[in-house]
Amino acid sequence: TATATQAVLAFQHGGMYRFDLDANTKRFAVGQAVDDSSEALCVAIAPPTSAGAFADVIGVGLPGAFVTMPARGDGALSRVVKRLTCPADPTSAAFVTMADNQLYAFVGLANGALVRLTIDPATGVMLAVDETSLGTGACTVVPPSAAQRAPHVLVTCDGVLFKASLIEGGHHVAPVHPHPDAGIRGVEAVCDVTSGKFPLGHAALVHGGNVITFARVGAGVSHVRRLAAPPGQGLTARKIVLHPAE
């Protein structure tokens with residue numbers, strides 16, 4: 001996981017390293033190593049509060065738990081860890097600053113549950129915890145592409161695309177039903193491409209045997225463009241990455 005100024009890599013047996021971008025050399029240097037006796041299952045880094053700044057909070061999914069680690073003023077990770085015990089192993093996570101300017105952590109669990117944590121951006125303390133069951137398979141949180149405030153968070157579970165968004169009085173999680181003409185069934189992978197060019201919310205979806213569809217995500221999914229899978233390659237797309245220049 002990465003921002004414009006930092007990258008965090010997690011390894012088996014708890015090894016995790018942070019790489020910081022040097023403003024002068026424009027190269028990444030290895031930051032502080034963080035050790036934990038448990039295997040890191042997923043890792044997320046909070047969006048910086050200003051351009052060029054380092055992250056304030058880093059989160060790690062461990063077997064049966066999700067932890068947040070606040071950063072010190074110099075960008076070094078603090079040893080103070082906030083831990084949330086989970087009913088199943090975390091499989092994915094993303095930090096999101098939403099329209100209310102509040103930082104949230106969305107954590108997908110292996111049992112189909114989506115956990116939303118309200119986070120203090122300065123300390124990493126978990127202020128509130130909400131859990132929603134979306135299915136029985138692993139719940140996958142799609143990191144938003146928006147650098148600052150995100151209008152929504154996309155989540156997949158059991159081949160269904162969900163959208164978590166802010167409504168008056170709280171959050172709302174609901175399935176995003178495809179338009180009949182879109183022909184989208186069995187979502188396998190998603191990349192959020194919401195940006196300044198596409199402020200209404202767009203996503204690239206892999207579904208139905210490696211078919212890639214570029215679609216608008218609103219009350220429902222409406223088809224925009226479909227890309228044919230490479231013929232005869234025997235390949236299966238598992239992840240889509242948005243290039244910043246696009």
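Let's start with burial: of this protein's 246 residues, 44% count as buried, where buried means under 20% relative accessible area, exposed means over 50%, and partly exposed is in between (1.4 Å probe, protein chains only). The model is predicted, so local features need pLDDT of at least 70 and side-chain atom pairs count only at pLDDT 80 or more, while totals for chains, interfaces and linings use all residues. Residues are numbered from 1 along each chain as its sequence is written, and side-chain values use heavy atoms, with hydrogens and water left out.

**Exercise 1. Describe the secondary structure and say how much of the contact network links distant positions.**

Step 1: Look at the elements. The protein has 0 helices and 21 strands; both are DSSP runs numbered from the N terminus, helices being H or I with at least four residues and strands E with at least two.

Step 2: Turn to contacts, meaning heavy atoms within 4.5 Å. Take the contacts with a separation of 6 or more: 41% of them join residues 24 or more positions apart.

**Exercise 2. Place T118 and decide whether it is buried or exposed.**

Step 1: Find its element. T118 sits in strand 10, which covers residues 113-119.

Step 2: Check its accessibility. T118 has a relative accessible area of 13%, so it is buried.

Step 3: See what surrounds it. Skip the neighbours within four places in sequence, and T118 is in contact with Q102, L103, Y104, V125, M126, L127 and A128.

**Exercise 3. Find the largest nonpolar core and trace where its residues come from.**

Step 1: Know what you're hunting for. A nonpolar core is a set of buried Ala, Val, Leu, Ile, Met, Phe, Trp, Tyr and Cys residues joined through side-chain atoms within 4.5 Å.

Step 2: Pick out the members. The largest one has 19 residues, and F66, F95, V107, L109, L117 and I119 have the most contacts inside it.

Step 3: Map the core onto the strands. Two or more residues each come from strand 4 (42-45), strand 8 (90-98), strand 9 (103-109) and strand 10.

Step 4: Look for another. A separate core has 15 residues, among them F106, V141, V153 and A164.

Step 5: Zoom in on L117. Beyond four places in sequence, the contacts of L117 include F66, L84, V107 and V129.

**Exercise 4. Which residues form the salt bridge, and what does the pair tie together?**

Step 1: Count. There is 1 salt bridge in the structure, defined as a side-chain nitrogen of Lys or Arg within 4 Å of a carboxyl oxygen of Asp or Glu.

Step 2: Name the partners. R116 pairs with D130, and their closest N and O atoms are 2.5 Å apart.

Step 3: Put them on the strands. R116 belongs to strand 10 and D130 to strand 11, so the bridge ties together parts 14 residues apart in sequence.

Step 4: Compare the two ends. R116 is buried at 14% relative accessibility, whereas D130 is partly exposed at 36%.

**Exercise 5. Explain why C42 has no disulfide partner.**

Step 1: Search everywhere. The whole structure has 0 disulfides, a disulfide being a pair of cysteine sulfur atoms within 2.5 Å.

Step 2: Check the distance. The closest cysteine sulfur to that of C42 belongs to C86, and it is 9.0 Å away, so this is too far for a bond.

Step 3: Try C157. This residue is in no disulfide either, and its nearest cysteine sulfur, in C139, is 5.1 Å away.
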